[in-house]
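Biologist: Could you take me slowly through one part of this model, the sheet and the elements that belong with it? I am in my first year, so please explain each term when you use it.

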Amino acid sequence: MNLPGTRTLRARITLLATVLVAAVSLLLLWLAWTLVRDSLDTVPQMPPGSVVVVDGVQVDASALAEHLRVHARDRMLLFGSIAFLLVVAAAAILAWTFTSRVLLPLREITGTARRLSVESLGERIGEIRSRDELAELASTFDDMLDRLQAAFDAQRHFVANASHELRTPLSVIRTELDVTLADDNADEAELRRMGGVVRDATERAGQLVNSLLLLARTDGAGLGVHEPVDLAVVVDRAWRAVQREASQRGIRATFSVVSASAFGDPALLERIAGNLLENAVRHNVDGGWLEVVTQPGPRWSMLRVRSSGGLVDPAAVPELFEPFRRAGVARTARSGAGLGLSIVRAAVAAHGGTVTAEPIVGGGLGVTVHLPVH
């Protein structure tokens with residue numbers, strides 16, 4: 001299949017090659033005529049009245065040089081023109097033919113790009129016969145398609161999980177309303193119970209929507225604010241938000257918090273510490289423990305949150321940073337949506353930092369964040 005773009009490029013290359021060959025041919029003809037003319041200028045002068053025969057024609061010796069010059073010019077024009085036309089035609093034919101073969105991988109790349117859509121991202125160019133820049137372009141194009149397919153798959157998975165998470169509280173609300181409205185003898189206590197269930201479901205849906213919006217604003221976005229922030233202050237604010245819940249569940253908290261500066265957005269940094277502490281409390285076990293450590297450094301400041309909990313498969317740890325991924329039922333709270341560590345990863349990436357997680361022997365998870373100091 002010859003695509004318009006490749007045909008145009010093929011014609012341009014052929015025209016350029018033909019023009020170059022024509023220019024070189026004209027230069028060679030000019031040089032050849034110059035050499036012939038200089039040679040004729042060296043013809044010796046014959047005595048006056050002498051007659052010489054040139055190609056069966058008697059020529060006066062005094063006009064020999066001029067006769068030879070005209071004769072050579074005519075021959076040069078005749079045979080030079082024939083040779084010029086043959087060379088230019090051959091160059092055009094060869095350029096058109098070989099350009100077609102050279103541009104074949106480019107036509108394959110263009111054809112694949114035209115056939116691609118969201119539903120056919122699995123198609124690839126694959127290996128091509130050439131081993132030049134076009135082969136490198138095809139390989140780069142395939143790598144780009146791999147990344148695009150992974151991004152689309154992740155997007156589909158994210159949308160499906162988000163829809164499922166949102167459907168759950170809506171189903172609870174609808175069920176409670178249907179059951180209560182179908183009960184003609186429902187009293188005030190039943191209505192209050194229904195109201196409490198509906199309120200909890202709406203709070204869960206609201207928290208999920210807020211988390212999704214925060215993740216959308218953070219993931220892949222730059223920082224709007226750049227200023228020094230003390231991680232010790234950030235941890236103190238985050239702990240106040242979950243301290244009551246931790247006390248109710250009998251969770252023992254240990255803090256080794258010292259002043260550690262990080263450079264970035266105070267709101268996002270507080271959200272990092274808040275999500276880590278919320279996970280440490282809500283995915284913990286009753287009577288469990290958690291510890292928080294901050295540590296300054298010349299280039300990076302460190303924040304580590306470790307907590308007890310259910311057993312975590314080491315192979316599943318990387319999945320914890322994906323949206324709606326959880327490490328088993330033991331670390332899943334009813335109020336959670338599986339977005340906490342996803343938001344942490346996105347916020348840390350926006351700051352140019354790194355985040356890692358590791359399971360704790362006996363059950364639990366430790367998460368370590370490194371943030372740039374400046």
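Modeller: Five strands, in the order S4-S6-S7-S9-S8, make up an open sheet with mixed pairing; strands here are DSSP runs of E with at least two residues, helices are runs of H or I with at least four, and both are numbered from the N terminus, while two strands count as paired if DSSP finds at least two bridges between them. At the edges stand S4 (252–256) and S8 (354–359), and each has a single partner strand, so one side of each is left without a neighbour in the sheet. Neighbouring strands of this sheet are turned against each other by 10° on average, direction ignored; for such angles, axes are lines fitted to C-alpha atoms, for helices over the stretch in contact, and the angles run from 0 to 180 degrees between N-to-C directions.

The model is a predicted one, in which local features need pLDDT of at least 70 and side-chain atom pairs count only at pLDDT 80 or more, whereas totals for chains, interfaces and linings use all residues. Residues are numbered from 1 along each chain as its sequence is written, and side-chain values use heavy atoms, with hydrogens and water left out.

Let us now cross the sheet from S4. S4 and S6 run parallel and are joined by 5 bridges, and Phe 255 has Val 292 in S6 as its bridge partner. Val 292 is also the bridge partner of Val 305 in S7, where S6 and S7 pair in the antiparallel sense over 6 bridges and form a hairpin with 4 residues between them. At the other edge, S8 pairs with S9 (residues 365–372) in the antiparallel sense, over 6 bridges, and Val 355 has Val 369 in S9 as its bridge partner.

A helix belongs to this picture as well: H7 (residues 266–282) lies across S6 (289–295), S7 (300–307) and S9, and runs at about 20° to S7, where contact means heavy atoms within 4.5 Å.

Finally, there is helix H6. Its buried residues include Leu 231, Val 235, Trp 239 and Val 242, buried being under 20% relative accessible area, exposed over 50% and partly exposed in between, with a 1.4 Å probe and protein chains only. Val 242 is also the centre of a kink of about 50° in H6, the bend at a residue being the angle between axes fitted to the seven residues ending there and the seven starting there. H6 is followed by Gly 250, whose phi is positive, near 70°.
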